[in-house]
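Please open the model in your viewer and keep the sequence panel beside it, so that each selection can be followed from one stop to the next.

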Amino acid sequence: MELSFSPLSSIRISAAIPLCKVSSLHKTIPIKSTCKSSDLFQKCSKNLPSVGLYHHRTCSKTVSNRHHRRISIWACSRIGAAGSDPVLNKVSQFKDAFWRFLRPHTIRGTALGSIALVARALIENSDLIKWSLLLKAFSGLLALMCGNGYIVGINQIYDIGIDKVNKPYLPIAAGDLSVQSAWLLVLSFALTGLLIVGFNFGPFITSLYCLGLFLGTIYSVPPFRMKRFAIAAFLIIATVRGFLLNFGVYYATRAALGLTFEWSLPVAFITTFVTLFALVIAITKDLPDVEGDRKFQISTLATKLGVRNIAFLGSGLLLVNYIGSILVAVYMPQAFRRSIMIPAHTILALCLIFQAWILEQANYTKEAISAFYRFIWNLFYAEYIIFPFL
């Protein structure tokens, strides 16, 4: 078989098949691309509308289909390569893999949490604000991003098999990022974060940062791999994303302002609220992953108690959070703004109930569970967004 490409990406195919009587019949057979990349498929569909094939009616359909598939794959790869710069392609692919590797929803939570805590500390001490602190605040945010990247990255390195079942879109599981590159990234994150914190925030905050990295490590890395044990996993996630983040950022901000640490009622509230919320995230994060967790014998509450029961448990804990927030506003009007605290948390609680109802109506399909989990993260973001104004 001979293939030749014209500049217009058309394909001329002439085939000589033994034992097949050559027919003069000319058929135009559309080829459906088998390329995995949707972008590449679009290019193929534009540039490769049809293929002319001379073939005999009595030839095997199986052989013909196999040839069609091979031609389709080869043509797609040639068109994709010819249509763009290989260097730019590699850069674009790495950027996409890098962003997925960082797990954007966790990045947003960390960024919003740190910004909200810094904003609250500055609102409480507005007379001490200096523009020179801006660079220090950005360096602290970068350190937190690095710590977040290290924790979620090392989890992906040791969860490749599970992710191929539960999260095949993640870059290592999808083959878009090598394990060696992933290791280089996580080690760079850890080293960069430690250097930033060590040079800018003193020994106490550095020790808290190291504790967070340590907990993130034993969560994923054998022989500890604490994620195998439901209670230990919940406690680690709640500690890192709840207590350490809120306490550490608020402490560091007050230190940068020249103040000693002192709890304020709003900061004590958000630390308690988010620690319980992080516990709910730790519980519900396993809901979309039940299939892979069962396959790899990872014990979670979702695998033990069932998806429906865990969804109800997580929703119930969040409702306790919201009811507690409303009661706090009612009984401590001197510390909180009732006009914001009560209606905001009432609305969020009603939205949660509605989403739980949608999940029930969808009969807990994987798509509905994933949507419910994303909504819980949206509630998490919302709490940090309204916190500076409470």
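Select Arg103 to begin: in this predicted model, the residue has a relative accessible area of 15%, and because the cut-off for a buried residue is under 20%, Arg103 counts as buried. Its place is in the loop between helix 3 (86–101) and helix 4 (104–124), so colouring those two ranges will frame the selection. With the backbone displayed, look at phi of Arg103, which is near 55°, a positive value in a residue other than glycine.

Next, move to the loop between helix 9 and helix 10, and select Arg225, which is found there. Here too phi is positive in a residue other than glycine, with a value near 45°. Is Arg225 buried or exposed? The relative accessible area of Arg225 is 12%, and the residue is buried.

Stay in this loop, which lies between helix 9 (202–220) and helix 10 (230–256), and select Pro223, which also belongs to it. Show the bond that joins Pro222 and Pro223: this is a cis peptide bond, with omega at about 5°.

Finally, zoom out to the whole chain, whose secondary structure comes to 16 helices and four strands. Of the 390 residues in the chain, 44% are buried, and if a surface is switched on, the exposed area comes to about 21,000 Å², with carbon and sulfur atoms supplying 66% of it. When contacts between residues at least 6 apart in sequence are considered, 76% of them join residues at least 24 apart.

Methods. Residues are numbered from 1 along each chain as its sequence is written. This is a predicted model: local features need pLDDT of at least 70, side-chain atom pairs count only at pLDDT 80 or more; totals for chains, interfaces and linings use all residues. Side-chain values use heavy atoms; hydrogens and water are left out. Buried means under 20% relative accessible area, exposed over 50%, partly exposed in between (1.4 Å probe, protein chains only). Contact means heavy atoms within 4.5 Å. Accessible areas come from the Shrake-Rupley method with a 1.4 Å probe; for residues, only the protein chains shown count as cover.
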